[in-house]
Amino acid sequence: MDIQRTGQDVGVDLAAVARLLADGTRAAFCLALLDGRAWTATELARHAGVAPSTATSHLNLLVSGGLLVEERRGRHRYLRVADRRVIELIESLAALAPQQTARPRSLSASGRQQALARARLCYDHLAGAVALAITDAMVERGLLEWGPEPGLTDRGAAWLAEVGITVPSGSRRPPVRACLDWTERRPHLAGAVGAALCAHALTTGWITRIGTTRALAVTPTGRRAWHDHLGLPGAQVPGCSEFSSWD
């Protein structure tokens, strides 16, 4: 069967998107941008370890392909992920991708990998082992329905109000969505509720960013809060304060 011809027959060029992410540098850019921030082309070049001219070439392809959008502010060019569909695509592909077995080249790189696996931003919600522990606890307490069609229960809505977490109304975004975690290989909480919970945790200081990475640290205040509100023991919400000096 001619797969390319079949795609043309239905009006979908899936291979075009696949080609954009088939390059390691472009894939590294997209993964970095999952932290929800806009990055400059220079920052992305430094992150991927490529020359600025090389980064510009790759970024132009990602923008023209619709995966990234750019904003011009004076002399600076900022890039960010185009929309949530792209975020979901990248996270799903990352979860399906083989895990790299190469050993980190330095103690700092090893610490960075461990911290990202513990807790990180997945655009605007929590991911990593901490996110899975929170999701599991919410399911066990009857706050979430976690089947083929995940949703927030009445008890969950009351819990959000009690904790002080406000979910914006009037959005077309689903309240609850299961997002496949690429390090844990299980789905964590996403959607409007996941984003609101993450925003609340950052605002209240339950979690904090580690330097300029998308890795997160659970603070002592956060450990107490997750225990008080979800019954999580401290061992299930490990902090990452030892890596707080990263930049």
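Show the surface of the whole chain first: its accessible area comes to about 13,500 Å², and 53% of that belongs to carbon and sulfur atoms. Keep in mind that this is a predicted model. Of the 247 residues, 40% count as buried. Now switch to a cartoon view, where you can follow eleven helices and eleven strands. Among contacts between residues at least 6 apart in sequence, 57% join residues at least 24 apart.

**Stop one: the cores**

Select Leu126, Ile134, Met138, Trp159, Leu197, Trp226 and Leu230. These are the residues with the most contacts inside the largest nonpolar core, which has 30 residues. To see where this core comes from, colour α8 (129-140), α9 (154-163), α10 (191-204), β11 (216-218) and α11 (220-230), the elements that each give two or more residues to it. Helix α8 provides the largest share, six residues. In general, nonpolar side chains tend to be buried together in soluble globular proteins.

Next, pick Leu21, Phe29, Cys30 and Leu62. They are among the 21 residues of another core, which lies apart from the largest one.

**Stop two: helix α4**

Move to residues 41-48, which form helix α4, and show the side chains of Ala41, Leu44 and Ala45, its buried residues. Where do they sit around the axis of α4? They are on the same side of the helix, because they cover an arc of only 100 degrees. Add α3 (24-32), β1 (39-40), α5 (52-64) and β3 (76-81) to your selection, as these are included in what covers the buried residues of α4. Just after the helix comes glycine 49, with a positive phi near 70 degrees.

**Stop three: salt bridges**

The structure holds ten salt bridges, and here are some to visit. Side chains of opposite charge can pair when their charged atoms come close.

Start with arginine 120 and aspartate 181, whose side chains meet in a salt bridge at 3.0 Å, N to O. This pair links distant parts of the chain, 61 residues apart: arginine 120 belongs to strand β4 (residues 120-122), while aspartate 181 is in the loop between β8 (177-180) and β9 (187-190). Is arginine 120 buried or exposed? It is buried, with a relative accessible area of 0%. Aspartate 181 also counts as buried, at 0% relative accessibility.

Then select arginine 77 and glutamate 70, joined by a salt bridge of 2.4 Å, N to O. Arginine 77 counts as buried at 11% relative accessibility, whereas glutamate 70 is partly exposed at 35%. Add Arg72 to the view, and you have one network of Glu70, Arg72 and Arg77, joined by salt bridges that share partners.

For another pair, go to aspartate 83 and arginine 85, with their closest N and O atoms 2.9 Å apart in a salt bridge. Aspartate 83 counts as partly exposed, at 25% relative accessibility. Arginine 85 is exposed, with a relative accessible area of 64%.

**Last stop: the hairpin of β8 and β9**

Finish by selecting β8 and β9, which pair in the antiparallel sense over four bridges. Which residue of β9 is the bridge partner of cysteine 179? Look for histidine 188. Between the two strands of this hairpin are six residues, and arginine 185 takes a positive phi near 60 degrees. Aspartate 181, from the previous stop, is in the loop between these strands.

Notes: Residues are numbered from 1 along each chain as its sequence is written. This is a predicted model: local features need pLDDT of at least 70, side-chain atom pairs count only at pLDDT 80 or more; totals for chains, interfaces and linings use all residues. Side-chain values use heavy atoms; hydrogens and water are left out. A nonpolar core is a set of buried Ala, Val, Leu, Ile, Met, Phe, Trp, Tyr and Cys residues joined through side-chain atoms within 4.5 Å. Buried means under 20% relative accessible area, exposed over 50%, partly exposed in between (1.4 Å probe, protein chains only). The arc is that of the directions from the helix axis to the C-beta atoms. Contact means heavy atoms within 4.5 Å. A salt bridge is a side-chain nitrogen of Lys or Arg within 4 Å of a carboxyl oxygen of Asp or Glu. Two strands pair if DSSP finds at least two bridges between them. Accessible areas come from the Shrake-Rupley method with a 1.4 Å probe; for residues, only the protein chains shown count as cover.
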